[in-house]
Amino acid sequence: MRAVLTWRDKAEHCINDIAFKPDGTQLILAAGSRLLVYDTSDGTLLQPLKGHKDTVYCVAYAKDGLWSPEQKSVSKHKSSSKIICCSWTNDGQYLALGMFNGIISIRNKNGEEKVKIERPGGSLSPIWSICWNPSREERNDILAVADWGQKVSFYQLSGKQIGKDRALNFDPCCISYFTKGEYILLGGSDKQVSLFTKDGVRLGTVGEQNSWVWTCQAKPDSNYVVVGCQDGTISFYQLIFSTVHGLYKDRYAYRDSMTDVIVQHLITEQKVRIKCKELVKKIAIYRNRLAIQLPEKILIYELYSEDLSDMHYRVKEKIIKKFECNLLVVCANHIILCQEKRLQCLSFSGVKEREWQMESLIRYIKVIGGPPGREGLLVGLKNGQILKIFVDNLFAIVLLKQATAVRCLDMSASRKKLAVVDENDTCLVYDIDTKELLFQEPNANSVAWNTQCEDMLCFSGGGYLNIKASTFPVHRQKLQGFVVGYNGSKIFCLHVFSISAVEVPQSAPMYQYLDRKLFKEAYQIACLGVTDTDWRELAMEALEGLDFETAKKAFIRVQDLRYLELISSIERKKRGETNNDLFLADVFSYQGKFHEAAKLYKRSGHENLALEMYTDLCMFEYAKDFLGSGDPKETKMLITKQADWARNIKEPKAAVEMYISAGEHVKAIEICGDHGWVDMLIDIARKLDKAEREPLLLCATYLKKLDSPGYAAETYLKMGDLKSLVQLHVETQRWDEAFALGEKHPEFKDDIYMPYAQWLAENDRFEEAQKAFHKAGRQREAVQVLEQLTNNAVAESRFNDAAYYYWMLSMQCLDIAQDPAQKDTMLGKFYHFQRLAELYHGYHAIHRHTEDPFSVHRPETLFNISRFLLHSLPKDTPSGISKVKILFTLAKQSKALGAYRLARHAYDKLRGLYIPARFQKSIELGTLTIRAKPFHDSEELVPLCYRCSTNNPLLNNLGNVCINCRQPFIFSASSYDVLHLVEFYLEEGITDEEAISLIDLEVLRPKRDDRQLEIANNSSQILRLVETKDSIGDEDPFTAKLSFEQGGSEFVPVVVSRLVLRSMSRRDVLIKRWPPPLRWQYFRSLLPDASITMCPSCFQMFHSEDYELLVLQHGCCPYCRRCKDDPGP
């Protein structure tokens, strides 16, 4: 910082106060009892203002009026002490008062005190001057306070102190902010005005005076300062802030706010601020080192890491010593101080290691690199001498000496050339080895070599940037500032106080090299930064110059795969070909110079390449002219090419005709198929020979796609491809034709029925799909479909469907059991699934009764079903079946029908189970009310064994068998009553066929008048036997067989002989005609009056009236869903 006196004047009295006009053109000051008005531009006294009889202590310009428009009169407020100074905040809402007793009072515009600040010195430290920071960027209003305790302090509007008090060592008389609050001006008893930072750090002296400074003010929006003294002196100064900075490659360090250093990475635009809290005098930067000179010391910083983009610095060394120097340079292990003609080399500990004395003043110094501790310095002197100095060598090396003084220096990347800017603004370039002046250019104020290209430099001057490559003419463009660095395509330019990286395309120098066919050098320049158009131009020029390596690199830059393929093909040809005409012809053909390319092809002996070029370009007339009357093969090839061209220009019919004439049937078929021309396709297919399978197959494929399965089938038949024909029928879902073909050719049965089954399954026709799988011989898939249907039915609580599907599964297993290898396994599954079907069929009624609000079943039926299920359930209850619902239904119906003992047992069982909330209340109530009932069951409900006539208990521990004879009960599949049937077995040696024939004989019995009625149809077998009173006493051989000795624990089946079979009536016998490997089952009705019906499909037994009603309701058997119109098994 430097202060320049602009003008000075002297008044007769002490200058008490100064004020600038808001626009800064005039200055008014209070001197004694007079006001003086000055012109700020040259210090001319414009006029004295008289009218005051006493001393004027304060003056100010009004900005927006004298008084507040809301108030008609000025309000007055008392103060506890003498008010010495005051200052308004920027928004005019608060007023700070500085008092003689050391108190600062902050009041609002109504005069009410909001904050009171008491200074530590009290009345010994009068508040002599205060000022609010005018900056709009500060978050809080900041008040600067100067007292005669020789301290300066800072406060927020809330009264909170910012930082600590700063000692001044003099009595301050005035304080004011400079340039929008960045700095502070302070003057007082030290007879000078000093410049401080806004934090109170002293930066320097503005101007020394002969007496106390009573007032100082900054001119609005400028860097001018006026000072008023006790002896009447008025001084007007201009403050000049010099640029303190340093640059090394892409790192630029500069001073900010006088006490901070900002390091900027010019490529990444990253910045880091280093706060020094003292005046920064000099800055030097080199590689990972940064040196900062402060008034009393030098700080050496280093980077945390070797990363090129790292911006974190830490203090490495401190040299606590005051130095005076013109220039500062830092190296890896040393700092270099330049003072006039002398250079000093100091270690980081502050020890002077070397000193060089020059012949003339040092004008320029720069570090040019080198090993750590042995760096080289480039030094330019005023006498024109240019030296190279190594920090570890006491002797300087003279590179050259010129007649004019040096202003700027730079050395090329290889250190072979030296660029100098002299005091005459001339840029001179020398060869360091020969000392020869290579060239010189006028109008230069700074110069820099390109760090990536040896032969390129740039220099600035006169508002222009000049770029020179090798010995070519200079390329010029407008640019303000000084060039300080040149890296690739980036030029670092210093303008005023900031440095910026300017991206400069290197197009001009690249074209200069291209003009001389120097392709490799042009490529090096292009790598520094040119446009895509420039790269393409370079690639084309190099290609035509047959410099394929450079052309390849350039085309890679613009990502032109077309030309890269060309270069690759040329490089392959070069291995066995040396004729450059062939390579140039390829280049011309790619560039569109076809006739020139054809001539070169012909000259090099490659006429075929010229023909290919013309045909590829659809220049068929030129191709015919070039070909003349040649080979028929080539003519055919030409027709094919022409057809391809017709196809590409969307003339498909012409292309089809050309392809057919050229014998290219596949391409013709493809065009017809793509355009949907079915007539042309079938016409081509009928003309083709059946041996031409590929085009015929393609025809059939397209006809199938175009929804013409009849024509496709005709084509497959012509080829004899029956498998494809089957696939066609399947894909088009023409099942009748597929089944007919399958009948003629059984080897395709799987190919037909498997897709048919899948199609049925996809259309939710699962039962038909299962049958189709079964018919296709895919038993595993058939079983999987049924299992999935069963699981879904159980999961969805459709237990009647689950029963039906389990019955189908059992019959499927019985069918598979005919295979001897799987007989035992499948029979086990058959019985298991039959049992599950019976359980789920019965449980469906229980579930609906507990879920639906109304029941369709009689209480007796629900009672019988729940007893049946309770006696039939295995240990592991099947999925979906709830014991709670069974026992709850049993208890409820038992209570209603008078089976109180059984109801009590059911309620007791429920107590040990988890009860859903919706049943809880009913079960608890039933448990209580059942205790008021008798402890016995109604005799009407007790089941009777029709073999031994034993009454069985309602709760049978043995299950659904007689407790006396162990004969299994036969239940009705609708009402679940015990039917009056007894199963009997045939004696050893009697076959099923013989047994049927014996029963059908029907031997006449004496004294018996039977009235018999048989109703037989396809859906049922009904026996009605009416005996007269005369025949009741007759002995029946079968009845004799039923005799049983009570007390036996083993079940003894009823086995009949041929004699007994002859005695039976066919109308009294029911036969379950199971398919093999099962044997038939025989049942004898013991109450012929009661009619029983057996379903011929599932062999379930029903009371005839129940069965007829259910068939009428559902149209089929309620168990196996066999329709009444279906033929019997």
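# Exercises on helices, strands and loops

In helix α30 (residues 1104-1114), the buried residues are Ser1104, Tyr1107, Leu1110 and Val1111. The model is predicted, and the exercises below are worked on it.

**Exercise 1. Determine how the buried and exposed residues of α30 are arranged about its axis, and what follows the helix.**

Step 1. Take the buried set: Ser1104, Tyr1107, Leu1110 and Val1111. Viewed down the axis of α30, these buried residues fall within an arc of 130°, so they line one face of the helix.

Step 2. Turn to the face directed away from the buried side. There α30 carries the exposed residues Glu1105, Leu1112 and Gln1113.

Step 3. Look past the end of the helix. Gly1115, just after α30, has a positive phi of about 75°.

**Exercise 2. Place Cys1095 in the chain, classify its exposure and list its contacts beyond four places in sequence.**

Step 1. Cys1095 sits in the loop that runs between β54 (1092-1094) and β55 (1101-1103).

Step 2. The cut-off for a buried residue is under 20% relative accessible area. Cys1095 has a relative accessibility of 0%, so this residue counts as buried.

Step 3. With neighbours within four places in sequence left aside, Cys1095 is in contact with Gln1100, Phe1102, Tyr1107, Cys1117 and Cys1120. One of these, Tyr1107, is also among the buried residues of α30.

Step 4. For a C-alpha separation, take Pro1118, 23 residues from Cys1095 along the chain: the two C-alpha atoms are separated by 9.7 Å.

**Exercise 3. Compare the span of α26 with the expected value, then describe its two faces and what covers the buried one.**

Step 1. Helix α26 (residues 917-929) contains 13 residues. From first C-alpha to last, α26 reaches 19 Å, close to the 18 Å expected at 1.5 Å a residue.

Step 2. Buried in α26 are Phe919, Ile923, Gly926 and Thr927. Down the axis of α26 these buried residues fall within an arc of 100°, so they line one face.

Step 3. Exposed residues Ala917, Lys921, Leu925 and Leu928 are carried on the face of α26 turned away from its buried side.

Step 4. The cover over the buried residues of α26 includes α22 (823-851), α24 (883-897) and α25 (900-911).

**Exercise 4. Describe the buried face of α2 and the packing of α2 with α1.**

Step 1. Helix α2 (residues 519-527) has Phe519, Ala522, Tyr523, Ile525 and Ala526 buried. These buried residues fall within an arc of 160° seen down the axis of α2, so they line one face of the helix.

Step 2. Against the buried residues of α2 pack β42 (456-461), α1 (507-515), α3 (532-544) and α4 (548-558).

Step 3. The description of two packed helices rests on the angle and the distance between their axes. For α1 and α2, the axes come within 8 Å and cross at roughly 170°. This makes α1 roughly antiparallel to α2, since angles over 145 degrees are counted that way.

Step 4. On the α1 side, Pro509, Met510, Tyr513 and Leu514 meet Phe519, Glu521, Ala522, Ile525 and Ala526 of α2.

Step 5. Gly529, just after α2, takes a positive phi of about 140°.

**Exercise 5. Give the strand order of the open sheet of four strands and identify the strands at its edges.**

Step 1. The order in this open sheet is β33-β34-β35-β36, and the pairing is antiparallel.

Step 2. β33 (362-367) and β36 (397-401) each have a single partner strand and stand at the edges, so one side of each is left without a neighbour in the sheet. From one strand to the next, the twist averages 20°.

Step 3. Within the sheet, β34 (residues 376-381) pairs with β35 (residues 385-390) over five bridges in the antiparallel sense. Leu377 is placed opposite Ile389 in β35.

**Exercise 6. Locate Met258 and Glu340, and state the phi and exposure class of each.**

Step 1. Met258 lies in the loop between β22 (251-256) and β23 (260-265). Its phi is near 70°, positive in a residue other than glycine. At 4% relative accessibility, Met258 counts as buried.

Step 2. Glu340 is in the loop between β30 (334-339) and β31 (342-347). Phi of Glu340 is near 60°, again a positive value in a residue other than glycine. With a relative accessible area of 41%, Glu340 is partly exposed.

Definitions and conventions:
Residues numbered from 1 in each chain as written. Predicted model: local features only at pLDDT ≥ 70, side-chain atom pairs only at ≥ 80, totals over all residues. Heavy atoms only, no water. Expected span 1.5 Å × (residues − 1). Buried < 20%, exposed > 50% of the residue type's maximum accessible area, 1.4 Å probe, protein only. Arc of directions from axis to C-beta. Contact = heavy atoms within 4.5 Å. Pairing = 2+ DSSP bridges. Axes fitted to C-alpha atoms, helices over the stretch in contact; angles between N-to-C directions. Parallel < 35°, antiparallel > 145°, perpendicular 65-115°, else oblique.
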